[in-house]
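Colleague: Could you take a close look at one part of this model for me, the open sheet in chain B, and then tell me how it sits in the rest of the structure?

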Amino acid sequence: MLNVIDYVPGASLLHRMNPVSKLALAASIILATFLSQSWAMLVGLLMLTLALGAYAGVITRLVSLLKVLTPIALLMLILQLAFVRGGDQVLLFATTEGLATGGRACLRLVGVALPLVLVLTVTKLTDLANACVEVLHVPYKYAFTFTTALRFVPIFTQEMNAIMEAQTARGVEFDTRNPFKKMSLMLPVCIPLLVTSVGKTDATALAAEQRGFYLRTRESSYKRYPLRAADAMAFVFCAAIIALGFIF
Amino acid sequence: MAAIIELREVSFAYGQTESLALKDLNLTIEEGGFVGVIGPSGAGKSTLASVLSGAIPHHYTGRLYGETRVAGLDTCEASLTDIATIVGSVLQDIDAQMVASVVEDEILFGLENFDVPRDQIEQRLTDALSAVGIAELREREIASLSGGQKQKVAIAAILALAPRVLVLDEPTAALDPISSRAVFDVLREAQRLTGVTVVVIEQMVALLAEYCDRIIVLDNGSVALDGTPHDVFGHSDELRAIGVDSPRTARISNSLASLGLVEVERPALTVDEAQALVMQALDGRTAPTSDMRTRSYAPHDARETGACASRGTAPIVELEGVSFSYGAGCASVDDIDLTVRPGEILGVVGQNGAGKTTLTKLLNGLLKPVSGSVRIAGLDTRSTPVSTLATHVATLFQNPDRQLCRNTVLEEVSFGLELHGVDTTTARERADAVIERFGLPAQSAPFSLSRGQRQMVALAGVVVLDPELIILDEPTSGLDYRECMTVMETVRKRAHMGAAVIMICHDMEVVSDFATRIAIMAQGRILDCGPTHRLFTQSDLLEQASITPPQVIDLSERLADIVDPSFAGITEVSDLVARVKELKHRA
């Protein structure tokens with residue numbers, strides 16, 4: 001099953017960079033998105049993310065994510081329009097100030113989500129965890145928890161789908177068009193999902209411990225993640241982005 | 001050989017429960033053996049695996065008595081990590097066993113943690129991958145692998161750590177016969193190459209008989225039988241009383257021996273051995289006579305006419321030119337025609353990925369055909385909501401846990417009826433009747449029951465609906481012999497009462513015992529559909545679908561060719577034994 005955060009194999013510079021530099025890059029784009037007040041800068045940062053995605057060959061993933069985010073962003077715009085009032089009235093309850101604040105909020109929402117997903121699509125989870133442990137001295141326990149949680153997302157989605165199918169076949173009206181009815185039908189189904197999830201997590205913990213989880217140290221990883229010239233350049237680039245975000 | 005595992009008077013009870021999962025268990029396992037553990041569900045097989053791997057007492061809490069030593073190490077004193085350097089274990093849930101998303105990283109994980117020197121890691125990694133024959137999968141995402149491949153990755157990840165004992169808990173439960181055999185081949189090869197001791201918990205008796213050099217039968221938490229496969233399967237009556245199946249060939253040789261038809265030193269475990277035995281029993285018999293051929297079809301004919309009797313009635317399932325595809329490279333079905341009438345039990349057999357599960361989803365309406373039409377009880381699935389179809393079709397899914405969602409067994413069983421608009425009181429009454437017949441605890445929470453009992457609860461939920469069509473997806477996987485027979489007898493009764501049954505099953509013995517007709521699938525197509533026995537004797541067809549025929553049919557066909565044509569058409573142990581007896585007396 002295809003997942004938005006699954007790794008897409010490739011050999012671009014973005015793939016080969018140290019996972020930590022990729023994280024830094026994403027973080028600086030996000031930070032700049034929060035700092036920046038100008039429309040040009042916000043759109044520019046978004047374009048930068050999309051350009052990086054296109055370069056790494058994962059643009060289709062980012063676009064499919066955009067499709068999911070757009071309705072949420074629009075909902076946010078409407079809420080902002082209703083709550084932030086000021087300036088001239090444009091249409092109904094929309095005001096110029098509301099439009100300005102809401103519009104920026106929309107762009108920020110998208111601008112924050114995309115860089116993170118970009119990092120996950122060009123980095124193997126194991127590399128991300130190992131690099132964080134080696135370079136950033138993150139305790140392995142936390143790195144493992146994080147990557148395992150991400151890895152379980154598609155597994156649990158699959159499980160949920162299977163449960164929904166089984167219940168549909170029994171006659172539960174999941175094929176109803178009423179979304180509220182569907183929601184109320186889904187609640188009892190969470191029980192089997194919860195039971196299997198707890199069982200799976202426990203089994204994973206046991207399996208990891210039986211393969212020496214507690215012996216692992218910062219030096220354990222077979223692969224090494226040194227910072228290279230490209231990474232140094234990436235850090236300079238990061239600083240520049242943050243500075244730009246601060247100024248504009 | 002030195003003992004690598006020693007259990008002395010080991011008893012264990014989970015958590016606060018009173019009942020003992022293991023009772024005064026004494027066991028010694030020598031280094032370098034290939035040991036199979038079998039027993040009915042609830043016999044303590046998984047608990048034994050946990051004790052061997054140190055998960056008991058270090059992971060699961062409860063009361064543990066006695067002494068367990070692995071390579072001289074007391075498992076209560078050593079840490080789980082230290083035990084893990086000696087005993088490597090592969091869990092039942094293979095997805096949960098994985099810690100990485102790529103095969104290479106999965107195998108590196110243990111090597112890195114146990115501080116294997118860097119210059120040896122590459123060698124150990126490639127050795128482990130090639131030992132299980134998956135060198136080409138090194139860069140693959142684990143999520144994209146098949147069940148059999150995942151199982152091999154899990155075994156490789158443990159073998160890389162060079163443990164002295166390998167413990168596997170039902171490694172073939174979710175696999176088709178060919179993949180199951182491949183896993184056992186891998187284990188045998190690993191044992192030959194590295195001398196690792198293999199302890200495998202398994203339900204497939206034919207595999208155990210063929211690969212193991214020692215079999216331990218557990219019952220009620222202690223050892224009931226222990227010995228070589230020939231020793232253990234010589235006691236097929238005792239095994240049956242415990243609730244454990246024996247290879248059909250062993251049952252044949254045991255019956256022949258008890259009738260005094262042949263001197264049996266040890267039971268036949270393979271078709272070859274059984275063939276030799278029957279030929280020995282009939283030694284000096286006259287040349288084959290041709291007129292008996294028609295008569296010998298008698299036991300089988302009865303079943304066929306049973307199916308034919310319903311020819312006149314309207315079919316429940318009609319598939320015409322049905323095709324479906326999930327997209328390129330995925331399982332699909334292609335141009336399927338199929339008609340099923342009331343009273344029939346249709347077995348659908350084929351390898352994993354042949355399109356069997358897709359077919360069931362097309363039948364209960366979860367999937368709609370891309371072309372062609374699916375009609376269930378006269379309703380076109382494309383225009384009928386799934387919830388409406390559900391009043392005609394009931395499905396028993398492979399994993400019962402996905403079906404259960406209520407707080408008590410009673411609520412669970414009556415839930416389906418209530419969904420179909422039956423009022424609560426009537427639904428409860430009908431549910432009560434079925435629960436009582438199945439002997440289930442009505443007020444217990446379904447998730448507190450054993451795997452086999454949960455399957456029975458799910459089945460009760462299907463039977464109570466009194467559907468016109470019952471679909472079973474692997475109804476017997478994860479069940480012991482006795483549970484398997486209870487489930488299948490219930491299904492057979494339903495069919496007699498006029499329901500049509502379609503069952504997907506990897507266990508060819510079950511298919512040959514219960515199905516009136518089979519459909520053989522490969523690459524999304526039905527290669528052929530016809531009476532069970534006729535198709536099971538067409539070896540080229542079976543080969544095409546990678547299916548091994550049931551032992552009895554294989555044997556009777558061989559005997560028909562070599563010894564006497566009257567063996568043709570025999571599908572059951574008792575018929576074959578009776579035939580041998582008759583021929584012997586005539587001679």
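Modeller: Sure. One rule before we start: two strands pair if DSSP finds at least two bridges between them. Keep in mind too that this is a predicted model.

With that cut-off, take strand S14 (residues 371-376) and S15 of chain B, which pair in the antiparallel sense over two bridges. Two bridges is what the rule asks for, so S14(B) and S15(B) count as a pair. One place to look is B:Ile376, whose bridge partner in S15(B) is B:Leu379.

Now zoom out to the whole sheet. It is open, has four strands in the order S12-S11-S14-S15 (chain B), and its pairing is antiparallel. Its edges are strand S12 (332-340) and strand S15 (379-380) of chain B, each pairing on one side only. A helix goes with this sheet: H16 (residues 356-363) of chain B lies across strand S11 (317-325), S12 and S14 of chain B. If you want an orientation, H16(B) runs at about 60° to S12(B).

As for the chain around the sheet, chain B has 26 helices and 20 strands. Its C-alpha trace spans about 70 × 65 × 50 Å along the principal axes. The radius of gyration of chain B is 25 Å, which agrees with the value near 25 Å for a compact globule because that is what 587 residues would give. Buried residues make up 52% of those 587 residues. Of the contacts in chain B with a separation of 6 or more, 68% are between residues 24 or more positions apart.

Then there's the packing. The largest nonpolar core has 198 residues, and those with the most contacts inside it include B:Ile107, B:Ala156 and B:Val501. Leaving aside neighbours within four places in sequence, B:Val501 is in contact with B:Glu344, B:Ile345 and B:Leu346, and also with B:Ile470, B:Leu472, B:Val491, B:Arg494 and B:Ala495. Apart from that core lies another, of 36 residues, among them A:Leu42, A:Leu62, A:Ala143 and A:Ala234.

That brings in chain A, where 41 residues are in contact with 46 residues of chain B. On the chain A side, helix H6 (125-135), helix H7 (140-170) and helix H8 (179-210) are the elements that give two or more residues. H8(A) gives the most, with 14 residues. By residue type, the chain A side divides into 21 nonpolar, ten polar and ten charged.

Note on methods. Residues are numbered from 1 along each chain as its sequence is written. Chains are lettered from A and ligands numbered from 1 in the order in which they are written. This is a predicted model: local features need pLDDT of at least 70, side-chain atom pairs count only at pLDDT 80 or more; totals for chains, interfaces and linings use all residues. Two residues are in contact if their C-beta atoms, placed from the backbone, lie within 7 Å. Axes are lines fitted to C-alpha atoms, for helices over the stretch in contact, and angles run from 0 to 180 degrees between N-to-C directions. A nonpolar core is a set of buried Ala, Val, Leu, Ile, Met, Phe, Trp, Tyr and Cys residues joined through C-beta atoms within 7 Å. A residue is buried if 20 or more other C-beta atoms lie within 10 Å of its own, exposed if 12 or fewer, and partly exposed in between; C-beta atoms are placed from the backbone. Ala, Val, Leu, Ile, Met, Phe, Trp, Tyr, Cys and Pro count as nonpolar, Asp, Glu, Lys and Arg as charged, and the others, Gly among them, as polar. The radius of gyration is taken over C-alpha atoms; the globule rule is 2.2 Å times the number of residues to the power 0.38.
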